[in-house]
Amino acid sequence: MLLIECPWCGSREEPEFHYGGQAHVARPADPSALSDADWAAYVFLRDNPKGVFAERWCHSAGCRRWFNVLRDTVSHRVLAVYRMGETPPEAPR
Amino acid sequence: MTGRTQDFRLPKGGVIDRSRSIRFRFNGQWMGGYSGDTLASALLANGVHLVGRSMKYHRPRGIMAAGAEDPGALVQRGLHDEPARTDPDWRATQTALVDGLEVATIGAWPSLERDMGAAMGLASRVMGAGFYYKIMHGSRWMWEHVQEPLIRRAAGFGDCPDEPDPDVYDHRHVHCEVLVVGAGPAGLAAAVAAARSGARVILAEQDERFGGNLLGRRRAIDGQDGVDWAAAMEARLRASPDVRLLPRTTVVGYYDTNYLVALERVTDHLGLGPAAPGRPRQRLWHIRAKRVVLATGAHERPLVFGDNDRPGIMLAGAAQTYLRRWAVLPGRDVVLFTNNDRAYEAALDLHAAGATVRAIVDSREAPGAAMPAAARAAGIRVMTGCVVGGTSGTRRVTGASIMKRSTHGRAVPYALDALPCDLLLVSGGLSPVVHLFSQSGGKLRYDPDRVAFVPDRSAQALGNAGACNGTFDLAGCLSEGAAAGAEAVRLAGFDPGAARTSFAVDEPDASAVAPLWWARPAEGHEHAWGQPFVDFQNDTTAHDIRQAVREGFESVEHVKRYTLTGFGTDQGKTANINAIGILAEALGRPIPEVGTTTFRPPYTPVTFAAMAGRDRGEYLDPARLTAIHDRHVALGAMFEDVGQWKRPWYYPRPGETMHQAVARECRAAREAVGVLDASTLGKIDIQGPDAAEFLNRVYTNAWSKLEIGRVRYGVMCREDGMVFDDGTTARIDDTRYLMTTTTGNAAAVLDHLEDYLQTEWPDLRVRLTSVTEQWATVSIAGPKAGILMGRLASGQDLSPAAFPFMTWRPAIVAGLHARVFRISFTGELQYEINVPWHQGGALWDAVMCAGVGLGITPYGTETMHVLRAEKGFIIVGQETDGTQTPLDLGMDWIVSKKKPDFIGQRSLTRPDTARADRKQLVGLLPKNKRLVFPEGSQIVETGASRRPPPVPMLGFVTSAYWSPALDSGFALALVAGGRGRIGDTVAVALPSGEQAAVICDPVMLDREGARRDGHAA
């Protein structure tokens, strides 16, 4: 079970959170300007890397705020936590 | 009472309390033991080796080990005395002996001594690797009528209780700086080094007594006897602040971020039943540790040779432990078969205790120096370069056939000597218990010098100490443990002080070992000397592993599954390393290339009751009750679960069937007035200057122009264009709206809206609050609802003429401040009256009272479903399954063509969502009006357009009911291109045969909508 550092509440156990998939996938400003293929890529396609992954989590049983997490998908280690809108930090070694 | 005497108990010694005698029953026979015994040690003291039968071939099996790794001595506890508390699969080696304990062999029929299943053993040549997979490829009839019943009867371990478990099971969640797993010498040294530093330390030990191997060996530490040293360390820890000692507690799982789960057997050792009232039987610990020190020790490996599974064949170290810890002589006529020096000590100890050691059979030509010399000095015959090729005996081993190894390492196929014995000790070397390390994500490395897999790279904040780290000598265990404990404290941010890392121990060098994976007979004689078992619990032999390789399996993971090696409770404790060695030889590859299988939790079995803890029965899930719930109970309502809510389903009158009750409720709502508790609908208070813009983006229709006091229906999609939820939203004032959601989806809708507000549109000034449990809602519907509303809100004109459809207004209803909404999910004149939650009951009473004489009838969700379906109104989750767009549901009218963007809009013009042959919502009327199709029924073409089998599915029934208003069964359905097929006849495939039905418009009643304003047609 992961231990996740909520940027507002501190360290809490995984069941308090809710997963939101890949981070930094911005909703297109004008969806009507996109081709079918580009729109489908936005809706359906996500990265699935082995290693460092930036993903969204929501502290749904706590402050209910969304934030970003850098997590290693191999070791499941949470490497960094940062707020929505912030640039991802360098993944620590 | 007849019984056995403890003929094999030595007159003195052992860590047992001889002043406390214990009597227990094994398969109905009374026997004696002492406090401090395990079931296994007590059985051996009484000369009992035959304890169980193996799962597949039902071969007689005995006690092989003295701890968690024993694969065969599983018993059923309390089957007759405590049937509700009976437990299958108690490991005899880990069951504390308690007065009156009743245990029985599992899996033997009719008795342990004469088991009919043993005939299976004769068929072993055709039941080899992959037997269970292969048998499924035969005829289906044979499988269903012969093979499966036979396998089900033969397989399985023990009987489950039929009654609910009467005991209490607990969970505890704790944090600590240092968790030490295992209280052998390394674990004790680690805990002592970590204690008194200010750090919170937990020491968990599966045994009831601390000391590990010190309890089973003659050792001195700093001149103190090992058993006394362990007791002294325990006393020191007990007196240390911030140290929690957990005996009888097995750490069974190691998960992410140093989260570990441990099972504590709180009162199991006191006996089943009322021995410990008020205390839980077991407790599951959830431990989050800053640092973990693993000191889990090592398991001795058995050796693989012909008929190596007979009762009386025992791990050398286990025999030593039975001798020293429990003062039990497991046999009087002993042969030791080993590939290492360490096991010699067992033969020497048994010799010193008075047993006759016939020989030490050593597979190596050149063993180490000190141990063989000591054996010879004691007059024991040492046979080097030899193996035990086969054994004799049925329910107990009676002899061992000794063979010379040829230069190729295989056994010369004739016996050099045949030695009588009643105890054959085996030792294939030590395997570090790397289970928890491996579960934590750590990587293993094969160490050829130690002939073992040892921890390599850690993935979590942990240290390994002692035998689990490949450090098998006592001095090394102690110093490594102390260092690991001090290091853990330091890394957790505390000062361990000056840690002591050097201990005076007198121990001979016994480290020499050479691999022997299988004492394999020479070519052509492989089957002549009996079955070479590798996994004793699953009856996997060395032949099975080689057969798997011949059949094309190479990966260790595949071979494991195909041969079942390491399945069941064994989980790689005794079987895996030998299996890997045999596989490596068969593949002609080195062991590091073959690798290990994954060690999965739990380390030892955990009962479901312990996992459930107190979350059983009514505590499994919270039940959400409305403010009016007690009224429904008083009315005799039947309830259904909608999410966590208990909603009235229907209100049967005495003697009424569900069908009759629902028909009566439907008629009341259509002809008089019905009343529904609608409090469970999700309600979200939306506030902020950008609220209208927000609604524009999340609903498919337009919201900018909704006036204060008006209500609008909306459909929400996800970005893929599929319907996610629906409901009405009312404008309360300039910047405030009240949204309703479906009952089951309320939390998901709030999550969805918050996600967009926080992450995509943080610039929108909007705030959301769930107010579901702030407003109780009573809905009245029917042609007489207007009269009823007039009685409830006297002096206010709430008639349909003065209070238009799809508006709301504040009103005083029955003296309560209310919000009244004129919306309709039934097609009838309907008012939804909202009052503060705590006034819900009062409102309901007032409505029921005012309805006297109007035929007021409470109705439940079933009637609500019928009424809405007659009007063609969808229910999200009933007509939708996440693959329907609003257009599929015929809701083109609610999808704005003018808005620049809303969630899901772009997806509605994707080629797939724009297909003409998508399944579309239609009504369906059965030709036989009496029929109500089962929901989910498949719809196919009928007549000339029917294609030959396989007949393609046109669609399926989403809802179907009996309609009193139509006097017919009817259904809603999703049918390919359905809207263009109104009037077509199709077939609904039922198990009893096909039934014809006509496709129609989903709105079947009052298409003009006159009824919603009280004008009954």
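1. A word on terms before we start: the helices and strands named here are DSSP runs, with helices (H or I) at least four residues long and strands (E) at least two, numbered from the N terminus. With that in hand, B:Pro950 can be placed in the loop between strand S45 (938–940) and S46 of chain B. Please keep in mind throughout that this is a predicted model.

2. That loop deserves a look for its backbone. B:Pro949 and B:Pro950 are joined by a cis peptide bond, with omega about -5°. A cis peptide bond also joins B:Pro601 and B:Pro602, where omega is about 0°. B:Pro602 sits in the loop between helix H15 (591–594) and helix H16 (608–612) of chain B.

3. Next, the barrel in chain B. How many strands close into it, and in what order? There are 6, in the order S44-S47-S46-S45-S48-S49, and their pairing is antiparallel. From one strand to the next, the twist averages 45°.

4. One pairing in that barrel can be followed residue by residue. Strand S44 (residues 919–926) and strand S47 (residues 968–976), both of chain B, pair in the antiparallel sense over 6 bridges. Within S44's partner strand S47(B), B:Leu974 is the residue opposite B:Leu921. Helix H23 (residues 861–870) of chain B lies across strand S46 (955–963) and S47 of chain B, and runs at about 110° to S46(B).

5. Strand S7 (residues 102–105) of chain B is worth a visit too. B:Glu102 and B:Ala104 point one way from the strand, B:Val103 and B:Thr105 point the other way, and all are buried. Strand S1 (residues 17–26) of chain B pairs with S7(B) in the parallel sense over 2 bridges, and B:Arg25 stands opposite B:Glu102. Strand S5 (residues 74–77) of chain B, in contrast, runs antiparallel to S7(B) and is joined to it by 3 bridges. Here B:Arg77 has B:Val103 as its bridge partner.

6. Is helix H8 (residues 344–352) of chain B mostly covered or mostly open? It is mostly covered, with 7 of its 9 residues buried. Those buried residues are B:Tyr344, B:Glu345, B:Ala346, B:Ala347, B:Leu348, B:Asp349 and B:Leu350. Among the elements of chain B that cover them are helix H7 (316–326), helix H9 (370–377), strand S18 (333–338) and strand S19 (356–362). Strand S20 (382–384) and strand S24 (423–427) of chain B also contribute to the cover. After H8(B) comes B:Gly354, which has a positive phi, near 110°.

7. Two residues that are not glycines also have positive phi. A:Arg64 has a phi of about 65° and is found in the loop between strand S4 (52–58) and strand S5 (66–72) of chain A. Its relative accessible area is 22%, so A:Arg64 counts as partly exposed. B:Asp89 likewise has a positive phi of about 65°, but its place is in strand S6 (residues 87–91) of chain B. B:Asp89 is partly exposed because its relative accessibility is 27%.

8. On the surface of chain B, B:Trp141, B:Met142 and B:Val146 make a nonpolar patch of about 280 Å². B:Val146 belongs to helix H4 (residues 140–154) of chain B. With a relative accessible area of 31%, B:Val146 is partly exposed.

9. B:Gly643 lies in the loop between strand S31 (638–642) and strand S32 (645–650) of chain B. Is B:Gly643 buried or exposed? B:Gly643 is exposed, because its relative accessible area is 60% and exposed means over 50%. Taken C-alpha to C-alpha, B:Gly643 and B:Ala746 are 9.6 Å apart in space, while 103 residues separate them in sequence.

10. Finally, chain A as a whole. Its secondary structure comes to 1 helix and 6 strands, running β-β-β-α-β-β-β from the N terminus on. The C-alpha atoms of chain A fill a box of roughly 40 × 30 × 20 Å along the principal axes. Of its 93 residues, 38% count as buried. The accessible surface of chain A comes to about 5200 Å², and 50% of that belongs to carbon and sulfur atoms. Among contacts in chain A between residues at least 6 apart in sequence, 45% join residues at least 24 apart.

Key:
Residues are numbered from 1 along each chain as its sequence is written. Chains are lettered from A and ligands numbered from 1 in the order in which they are written. This is a predicted model: local features need pLDDT of at least 70, side-chain atom pairs count only at pLDDT 80 or more; totals for chains, interfaces and linings use all residues. Side-chain values use heavy atoms; hydrogens and water are left out. Two strands pair if DSSP finds at least two bridges between them. Axes are lines fitted to C-alpha atoms, for helices over the stretch in contact, and angles run from 0 to 180 degrees between N-to-C directions. Contact means heavy atoms within 4.5 Å. Patches are made of residues with over 30% relative accessible area and no salt bridge: like charges are joined within 9 Å, nonpolar side chains (Val, Leu, Ile, Met, Phe, Trp, Tyr) within 5 Å. Accessible areas come from the Shrake-Rupley method with a 1.4 Å probe; for residues, only the protein chains shown count as cover. A salt bridge is a side-chain nitrogen of Lys or Arg within 4 Å of a carboxyl oxygen of Asp or Glu. Buried means under 20% relative accessible area, exposed over 50%, partly exposed in between (1.4 Å probe, protein chains only).
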